[in-house]
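Dear colleague,

I am handing over the structure below, and my notes on it follow directly after. Please read them with the structure open beside you.

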Amino acid sequence: MDFDLILNELSLRNPAPNEQVAQQRMSELIKTIKTVKAQGVKVSLRTQEDFHTTILAPNYPLRHWLNDADRDERLFIKILGTKAPFSTDIANSEIQDIENNASLSEFRHQGEMAIGLGIAYVLNTIAISLLSQECWDCNRVKLEFRYLDEDGEIISESVEIIHASRSSHVQEHASLIQQNQERIYQNVSDGLEVWNCREELFPNLEFCDAVRKQLEDIRTGQLELEPVVSILFELHKCTKNWNNGYFNLDGYPIEESGESKPTLGKYFKERTFRCPDGKDRLFERHVKLRFCNWRIHFLAEQPGIVIIGYIGRHLPTVKYRT
């Protein structure tokens, strides 16, 4: 469920001239990764070797940088999910062959073998670089792709990969990130998977414990699965964009309403749910899934935080008991 960023190992071959420049490079790298995360995805950084062994400047490995970095940057790197080698947990023999120089194809950048950049091309994801040279200050990188055709002839083509070394580069790839996330939503098989992957699928939403059982009851192929995931996705997007003021769902494909005073007066307990912080709160606002008479009750707690309290059949009202 992670969005893989592929670290360009070629960008690590030119250490900074001093510690100050190394720190600037790391700050820019962190900003770039954070900008990807801000698109609402869980990021994983794939590297050729253990990233924590990187030499940033003469006699200045990354572990020394950790001592000098400010608290936020240090913590970010420590908790960043990293995977080395590139092919870790990828069931794709071509990726492993490229990584081990055993493939019938290869990728080169300005004549140099470019394993990470090539893998980013195969996976159709973003390659990320330390801003160590001017050639990495771009949002796309051209590679030479060489491979053997059916007749054993070497074919050479120019291909382009998606790339980022600054936070500004990431903004131009927002649609790719969005498409990747939508593919994940489409591949969810049942409600249990929605619950187990909720932090990756909907990092801007929080869920009450009671929602777990409600989601687990949604089986593979059940008609409610797709609209539930779709509505949660839209709530997640709106939450991500909510910076201040009222949580406004205008412009999103969501039909939302509140409850009448008579209904709240009689059935407020049925709409009160225990939140992740242990407090009971009233969840008046809800989204309608009309074709199946289901509702998703939510609470816009504060900018950036929306809590899902209930997913299931229409709760009782003064007009309708079920």
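Let me begin with the charges placed over rings, bearing in mind throughout that this is a predicted model. The charged end of Lys34 is positioned over the ring of Phe76, at 5.4 Å from the centre of that ring. A second case involves Arg198, which lies over the face of Trp195, with a distance of 3.8 Å to the ring centre.

Next come the contacts between aromatic rings, of which the count is 10 pairs. In one of them, Trp242 and Phe247 are tilted with respect to each other, with 4.9 Å from centre to centre and 55° between the planes. Trp242 counts as buried because its relative accessibility is 8%, under the 20% limit, and Phe247, at 1% relative accessibility, is likewise buried. Phe247 also forms a pair with Phe298, this one edge-to-face, where the centres are 5.9 Å apart and the planes make 70°. Since Phe247 belongs to the loop between helix H11 (225-240) and strand E12 (256-257), whereas Phe298 belongs to strand E16 (residues 294-302), this pair ties together parts that are 51 residues apart in sequence. Phe298 is buried as well, its relative accessible area being 1%. Elsewhere, ring pairs join Phe107, Tyr121, Phe145 and Tyr147 into a cluster.

The remaining notes concern a sheet. Eight strands make up an open sheet with mixed pairing, and their order across it is E5-E2-E1-E8-E10-E9-E6-E7. At its edges stand strand E5 (81-83) and strand E7 (112-113), and because each has a single partner strand, one side of each is left without a neighbour in the sheet. Within the sheet, strand E9 (residues 140-148) and strand E10 (residues 154-164) run antiparallel and are joined by nine bridges; Leu148, for its part, stands opposite Ile154 in E10. Helix H5 (residues 115-123) packs on this sheet, where it touches strand E1 (3-7), strand E6 (105-109), E7, strand E8 (126-128), E9 and E10, and the direction of the helix makes about 155° with that of E1.

If you look at one place only, I would suggest Phe247, which pairs with Trp242 and also with Phe298.

With best wishes

Note on methods
Residues numbered from 1 in each chain as written. Predicted model: local features only at pLDDT ≥ 70, side-chain atom pairs only at ≥ 80, totals over all residues. Heavy atoms only, no water. Phe/Tyr/Trp six-rings, centres within 6.5 Å; stacked < 30°, edge-to-face > 60°. Buried < 20%, exposed > 50% of the residue type's maximum accessible area, 1.4 Å probe, protein only. Helix = DSSP H or I, 4+ residues; strand = E, 2+ residues; numbered from the N terminus. Lys NZ or Arg CZ within 6 Å of the ring centre and 35° of its normal. Pairing = 2+ DSSP bridges. Contact = heavy atoms within 4.5 Å. Axes fitted to C-alpha atoms, helices over the stretch in contact; angles between N-to-C directions.
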